[in-house]
Amino acid sequence: MPPKVKITRENLLECAYRIAEQAGIAAVTSRSVAKLAGCSIQPVFSHFPTMEALRKATFDYACKKFMEEVLCREEDPDFLSATTQWTVDLARNRPNLFRLLYLSGGLYGSSMADVMMRYESNEKMIRKMTQLYDLDPSRCKDILVRSCLFLTGICTMICENKVPFSDAQVADLMKRTVSEMVRGAKEEMA
């Protein structure tokens with residue numbers, strides 16, 4: 001008799017992530033994850049005692065994968081533009097993941113800035129911005145938070161098919177907006 005395959009938490013999360021990517025977070029259920037994993041629902045419930053725990057873990061897993069995808073562009077000379085393009089691509093081509101990461105409520109905590117700073121990619125962006133714009137980290141953090149809010153709005157409209165912005169149009173809007181924020185921060189310092 002062949003040995004039983006052990007169903008790990010990581011296997012189940014990868015299945016939940018794939019379901020969320022294809023059909024949205026609402027489609028992530030103990031039954032759908034078990035079916036994709038090729039097991040009964042028992043292993044799902046042994047790792048995730050509630051549906052809330054399963055969906056929260058799926059959100060966290062998606063954030064981890066998001067970090068990996070963003071940080072692979074870390075050495076790009078224009079890390080900020082590369083990250084903008086990645087976000088636009090996510091909204092346009094993987095809308096269920098965009099909704100999970102940006103619109104599901106999983107990002108909200110005491111303040112958006114505090115939640116954003118949990119991610120290594122944002123800390124790295126602030127360091128790069130500090131060097132690039134010759135501004136202190138707190139001003140760069142403020143610019144990053146405001147530009148992320150702006151980009152999230154644009155990408156939400158793209159994701160929901162409300163506006164036909166091209167990649168070039170979004171890049172131009174972001175570049176001009178960040179430039180204006182940097183100029184404003186420098187004027188405040190003068």
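Two residues are in contact here when heavy atoms of theirs lie within 4.5 Å. By that yardstick, 64% of the contacts in the protein chain with a separation of 6 or more join residues 24 or more positions apart. Please keep in mind as you read on that this is a predicted model.

**The overall picture**

The protein chain holds 10 helices and zero strands, and reading along the sequence gives the pattern α-α-α-α-α-α-α-α-α-α. Along its principal axes, the C-alpha trace spans about 75 × 35 × 30 Å. Of the 190 residues in the protein chain, 41% are buried.

What sits in the largest nonpolar core? It has 54 residues, and Val-33, Leu-101 and Ile-143 are those with the most contacts inside it. Helices 1, 2, 4, 5, 6, 8, 9 and 10 each supply at least two residues of this core. Helix 4 (51–71) gives the largest share of it, 10 residues.

**Helix 1 and its two partners**

Two packed helices are described by the angle between their axes and the distance between the axes. Here are those values for the two pairs that involve helix 1, together with the handedness of each crossing.

| Helix pair | Axes come within | Crossing angle | Handedness |
|---|---|---|---|
| Helix 1 and helix 2 | 9 Å | roughly 110° | right-handed |
| Helix 1 and helix 6 | 6 Å | roughly 110° | right-handed |

How should the angle between helix 1 and helix 2 be read? Angles of 65 to 115 degrees count as roughly perpendicular, and therefore helix 1 and helix 2 are roughly perpendicular to each other. The helix 1 side of this contact consists of Leu-12, Cys-15, Ala-16, Arg-18 and Ile-19, which meet Ser-32, Val-33, Leu-36 and Ala-37 in helix 2. By residue class, that contact divides into seven nonpolar, one polar and one charged.

Helix 1 (residues 9–23) and helix 6 (residues 95–103) are likewise described as roughly perpendicular to each other. Here helix 1 contributes Tyr-17, Ala-20, Glu-21, Gln-22 and Ala-23, while Asn-96, Leu-97 and Leu-100 come from helix 6. The residues of this contact are five nonpolar, two polar and one charged.

**Helix 2 and what covers it**

Helix 2 runs over residues 30–37. Which of its residues are buried? Ser-30, Ser-32, Val-33 and Ala-34 are buried in helix 2. The cover over the buried residues of helix 2 includes helix 1, helix 3 (42–47) and helix 4. Val-33 therefore turns up in three places: among the buried residues of helix 2, in the contact with helix 1, and among the core residues with the most contacts. Just after helix 2, Gly-38 takes a positive phi of about 75°.

**Two loop residues worth a visit**

Ala-27 is found in the loop between helix 1 and helix 2. Is Ala-27 buried, partly exposed or exposed? Its relative accessibility is 25%, so Ala-27 counts as partly exposed. Leaving aside neighbours within four places in sequence, Ala-27 touches Ile-19 and Ser-32. Those two residues also appear in the contact of helix 1 with helix 2, with Ile-19 in helix 1 and Ser-32 in helix 2. Ala-27 and Arg-55 are 28 residues apart in sequence, and their C-alpha atoms are 9.8 Å apart in space.

Further along the chain, Asp-134 lies in the loop between helix 8 and helix 9. Most residues other than glycine have a negative phi. Phi of Asp-134, however, is near 55°, a positive value in a residue other than glycine. Asp-134 is exposed, because its relative accessible area is 61% and exposed means over 50%. Its contacts, leaving aside neighbours within four places in sequence, are Met-129, Lys-186 and Met-189. Of these, Lys-186 is 52 residues away from Asp-134 along the chain, with 8.8 Å between the two C-alpha atoms.

Technical notes: Residues are numbered from 1 along each chain as its sequence is written. This is a predicted model: local features need pLDDT of at least 70, side-chain atom pairs count only at pLDDT 80 or more; totals for chains, interfaces and linings use all residues. Side-chain values use heavy atoms; hydrogens and water are left out. Axes are lines fitted to C-alpha atoms, for helices over the stretch in contact, and angles run from 0 to 180 degrees between N-to-C directions. Helices (H or I, at least four residues) and strands (E, at least two) are DSSP runs, numbered from the N terminus. Angles under 35 degrees count as roughly parallel, over 145 as roughly antiparallel, 65 to 115 as roughly perpendicular and the rest as oblique. A crossing is left-handed if the near helix is turned anticlockwise from the far one by less than a right angle, and right-handed if clockwise. Ala, Val, Leu, Ile, Met, Phe, Trp, Tyr, Cys and Pro count as nonpolar, Asp, Glu, Lys and Arg as charged, and the others, Gly among them, as polar. A nonpolar core is a set of buried Ala, Val, Leu, Ile, Met, Phe, Trp, Tyr and Cys residues joined through side-chain atoms within 4.5 Å. Buried means under 20% relative accessible area, exposed over 50%, partly exposed in between (1.4 Å probe, protein chains only).
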